[in-house]
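Here is a short report for a first look at one protein. Please keep the sequence and the 3D view at hand while reading.

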Amino acid sequence: MALLLVLISVAIAVTIVVYQKFANLVQYGSKVAGPKAYPVVGNAIRFLSLTPAGFLEELHALSKEWGKCFRIWLGVDLLIFLMDARKVETILSSQKFLDKSIEYDFIRPWLGDGLLTSSGRKWHSRRKIITPTFHFKILEEFVEIFDQQSTVFVDQLKPMAASGEPFDVYPRVTLMALDVICESAMGTKVNAQLNAYSEYVRAVKAMTNIVIVRAFKILARLDFTFKYTSYAKIQKQALAVLHGYTDNVIHSRRKELAKTHSQNDFSENDVGQRKKVAFLDMLLQATTTDGQPLTDLEIREEVDTFMFEGHDTTTSAMSFLLGVLAKHPEVQKKVYDEVRNVFGDDPSKPATLAMLNELNYLDMVIKETLRLYPSVPMFGRKMMENHDIDGTIFPAGSNVIVMPYIMGRDPDYFEDPLEFRPERFAVETSAEKSNPYRYVPFSAGPRNCIGQKFAVAEIKSLVSKTLRHYEILPDTSEEPEKLYSEATLKNEKGVILRLKKRSFGIFTSK
């Protein structure tokens, strides 16, 4: 009898806590503008039949109907979509709002509690350990990898240039970015560009697809129903490949490190030349704030995070940028002229970080590309307490989704937003009296993208190498774009373009 009373008391207490939490969400969530929601399912029904491209279009349509701050309910999860630069600034610039939204739980099976998904003291500790990894001296070593893999990339494009036929460049950029990130992160080569059907390549693709499916499909979103879907089996198989590969590399590199007598020995080869140091090597030698080395699991979390964030995002940016250059020959000519000015007419001349830093106009083209095609079209924070932000109360437990994709196309923030105009990012014209948080393709504030310089250097390396070999021409069909989001922004029909082998110094497009 006593046990029964205890169980009943616990049940009542849990019910009260759940009710209070949900009542708080409903109380303040109902005051945020948004479409009519129904009991239990919320607004989930309107998203059930949508394609990935349709989902992004639906969010854009909702923003036009309900404004720069609106909410939807997916079951009992409250999502507040935010495109108001002032509110975005308050959230991203503050140390209060560092917890990631519930959607990041869907990538935890792969990344664990790495830098992308962790919070609190763990996040601060990891950020402190990893920040030196992106020092410019180390970035210079990564540039050598960028250049080598860019050379493989342009070699693989020779048949397409010879035929002049349209093709989708996205899959080939994906493989190049994967080669770069594997060598940079783990110091190993997967030769993805030469073996496009490798098990590892397919596993990465499978996991990134599952993330977006879980974000917006109600049955896949809930853990207790997800395990009964076909996606659960796919995820299990993919994780076995991804974690198995990373674990094997970590064990191998740790044994190699144990054979050396000093850090100096580890950083030089047999003839005294400095070895390229991978991200993994630095983690193996790093220590936490209490002086302890990272465990193999902690290292795997960060290596896998680097793999995830560093290949799919740059793939999206590089592919859309190549597509933009095809559609805007006048922009392409300016970029090519700048590249020639820096590299000369030797297409095989290796890039250095100093050379890439001289490509200032290409820098503006990258920024303008990311304004229209942000690699991460949305990212989220979770409210741990009720917060009044510029007159709107964001309740504890709500998930705030910032939308760089919609903000970049908002005429309130950018004049003629659909016009591709890199000059809008020129120093002399950037003094618009508007909030800089209207443009956040790399996020901003304490949790901004730690690999931003890495990504921009990789993009510049690939684009400059490609333009030294080929003129990029548009697809002849001119089919309209249908953009959608997996973990990153993609075009449903791919990024279709044509290539023409370049006669050095000559630009022929009209």
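The report moves from the whole chain to one sheet, and then to one annotated residue.

## The model as a whole

This is a predicted model. The protein has 510 residues, and buried residues make up 55% of them. Its secondary structure comes to 21 helices and 11 strands.

How much of the surface do carbon and sulfur atoms supply? The protein exposes about 23500 Å², and these atoms supply 56% of that area. Contacts also reach across the sequence. Among contacts with a separation of 6 or more, 75% are between residues 24 or more positions apart.

## A sheet of three strands

Now to the sheet. It is open and has 3 strands, in the order β3-β11-β8, with antiparallel pairing. β3 (167-168) and β8 (470-474) stand at the edges. Each of these two has a single partner strand, so one side of each is left without a neighbour in the sheet.

Strand β11 covers residues 496-501, and its antiparallel pairing with β8 runs over 5 bridges. The pairing of β3 with β11 is also antiparallel, and there 2 bridges join the strands.

## Residues face to face

Which residues of β11 stand opposite residues of its neighbours? On the β8 side, Ile 472 is opposite Leu 499 of β11. Pro 474 is opposite Leu 497 of β11. For the other pairing, look at Asp 168, which stands opposite Ile 496 of β11.

A general point helps when viewing any such strand. In a regular strand, side chains alternate between the two faces of the sheet.

## A helix on the sheet

β8 and β11 pair over 5 bridges, and a helix touches both of these strands. This is α16, residues 296-327, which packs on the sheet. The direction of α16 makes about 80° with that of β8.

## An annotated cysteine

One residue carries a note from a database record. The UniProt annotation "binding site", from an unreviewed entry, covers Cys 449. Where does Cys 449 lie? It is in the loop between α20 (404-407) and α21 (452-469).

Is Cys 449 buried or exposed? The answer falls in between. Its relative accessible area is 30%. Buried means under 20% and exposed means over 50%, so Cys 449 counts as partly exposed.

Conventions:
Residues are numbered from 1 along each chain as its sequence is written. This is a predicted model: local features need pLDDT of at least 70, side-chain atom pairs count only at pLDDT 80 or more; totals for chains, interfaces and linings use all residues. Side-chain values use heavy atoms; hydrogens and water are left out. Two strands pair if DSSP finds at least two bridges between them. Helices (H or I, at least four residues) and strands (E, at least two) are DSSP runs, numbered from the N terminus. Contact means heavy atoms within 4.5 Å. Axes are lines fitted to C-alpha atoms, for helices over the stretch in contact, and angles run from 0 to 180 degrees between N-to-C directions. Buried means under 20% relative accessible area, exposed over 50%, partly exposed in between (1.4 Å probe, protein chains only). Accessible areas come from the Shrake-Rupley method with a 1.4 Å probe; for residues, only the protein chains shown count as cover. UniProt positions are given in the numbering used here, feature names are shortened, and annotations may be inferred rather than shown by experiment.
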